[in-house]
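Work through these exercises with the sequence and the coordinates open. Each task is followed by a stepwise solution.

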Amino acid sequence: MKNIKPQNIAILFLVMAALFIIVVGSIFKKALIKNHKESVAKITEGSYGGRGHSGTISLIFKFNVEGREIEGNAAFNSSELYYSDVEKFIVGKTFPVVYNPNSPHSNHLLIRKKDFEQFNVPFPDSMKWVLQYFKKED
């Protein structure tokens, strides 16, 4: 019988965990696209980088579902969004959010055209102002 090195076991475990996360994430995303409701979220905070997330800009938002406050997070690559403008022009603003009524913590902020398209929601003219803060927008 071969000796299996602990490093190989650890690598196998990490690969299996990553695959599990990808599969579960895909299932939640499909459920959200298929069965969602809309609400309005307020951006409460923006952050850049962080532990293990260099180059990532996060927008923290809150919205209400049946009297309960739900917190969400939308992550963007720093090649997409100007972080210098986040605190000045985006924090404190409201945007549409879609959520799974059976699991409101499964949600998605609608801020770019492609977010709206993904959920078959028309991009409103009233949101064109936000496009100037994104570096790459179709």
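**Exercise 1. Start from one core residue and place it in the core.**

Task: Which residues does valine 130 touch, not counting residues up to four places away in sequence?

Solution.
- Valine 130 touches Ile90, Phe95 and Ile111, with residues up to four places away in sequence left out. The model is a predicted one.
- Now widen the view. The largest nonpolar core has 29 residues. Leu59, Leu109 and Val130 are those with the most contacts inside this core.
- Next, ask where the core comes from. At least two residues each are supplied by β1, β2, β3, α2 and β4.
- β2 gives the most, with five residues.
- A general point fits here: in soluble globular proteins, nonpolar side chains tend to be buried together.

**Exercise 2. Lay out the sheet.**

Task: What is the order of the strands in the open sheet, and which strands are at the edges?

Solution.
- The open sheet has five strands, in the order β3-β2-β1-β4-β5. The pairing is antiparallel.
- β3 and β5 are the edge strands, as each pairs on one side only.
- From one strand to the next, the twist averages 40°.
- Take one pair in detail. β2 and β3 run antiparallel and share ten bridges.
- Isoleucine 60 has asparagine 73 in β3 as its bridge partner.
- Finally, add the helix. α2 packs on the sheet and touches β1, β2 and β4. The direction of α2 makes about 125° with that of β1.

**Exercise 3. Find the two sides of helix α2.**

Task: Which residues of helix α2 are buried, and which on the other side are exposed?

Solution.
- Helix α2 spans residues 83-90, and its buried residues are Asp85, Val86 and Ile90.
- These residues lie on the same side of α2, because they cover an arc of only 120° around the axis.
- The general rule behind this kind of pattern is that an α-helix has 3.6 residues a turn, so residues three or four places apart point the same way.
- Ser84 and Lys88 are on the other side of α2, and they are exposed.
- What does the buried side face? The buried residues of α2 pack against β1 (37-48), β2 (56-65) and β4 (94-100).
- Check what comes after the helix. Glycine 92 follows α2, and its phi is positive, near 95°.

**Exercise 4. Trace the salt bridges.**

Task: How many salt bridges does the structure hold, and which residues are joined into one network?

Solution.
- Count them: the structure holds five salt bridges. In general, side chains of opposite charge can pair when their charged atoms come close.
- Begin with glutamate 80 and arginine 112. Their closest N and O atoms are 2.6 Å apart.
- This pair links distant parts of the chain, 32 residues apart. Glutamate 80 sits in the loop between β3 (68-77) and α2, and arginine 112 in the loop between β5 (103-109) and α3 (113-118).
- Are these partners buried or exposed? Glutamate 80 is buried, at a relative accessible area of 14%. Arginine 112 also counts as buried, at 10%.
- Glutamate 80 forms a salt bridge with lysine 114 too, with 3.8 Å between the closest N and O atoms.
- Lysine 114 lies in helix α3, 34 residues from glutamate 80. Lysine 114 counts as partly exposed, at 41% relative accessibility.
- Join the pieces: salt bridges that share partners link Glu80, Arg112, Lys114 and Asp115 into one network.
- Add another of the salt bridges. Glutamate 69 and lysine 62 meet through their side chains at 3.9 Å, N to O.
- Glutamate 69 is exposed, at 53% relative accessible area. Lysine 62 is partly exposed, at 29%.

**Exercise 5. Check two backbone angles.**

Task: Where are glutamate 66 and asparagine 120, and what is phi of each?

Solution.
- Recall the background: most residues other than glycine have a negative phi.
- Glutamate 66 is in the loop between β2 and β3. Its phi is positive, near 50°. Glutamate 66 counts as exposed, at 79% relative accessibility.
- Asparagine 120 is in the segment after α3. Its phi is positive as well, near 55°. Asparagine 120 counts as exposed, at 70% relative accessibility.

Methods:
Residues numbered from 1 in each chain as written. Predicted model: local features only at pLDDT ≥ 70, side-chain atom pairs only at ≥ 80, totals over all residues. Heavy atoms only, no water. Buried < 20%, exposed > 50% of the residue type's maximum accessible area, 1.4 Å probe, protein only. Helix = DSSP H or I, 4+ residues; strand = E, 2+ residues; numbered from the N terminus. Arc of directions from axis to C-beta. Contact = heavy atoms within 4.5 Å. Salt bridge = Lys/Arg side-chain N within 4 Å of Asp/Glu carboxyl O. Core = buried A, V, L, I, M, F, W, Y, C linked by side-chain atoms within 4.5 Å. Pairing = 2+ DSSP bridges. Axes fitted to C-alpha atoms, helices over the stretch in contact; angles between N-to-C directions.
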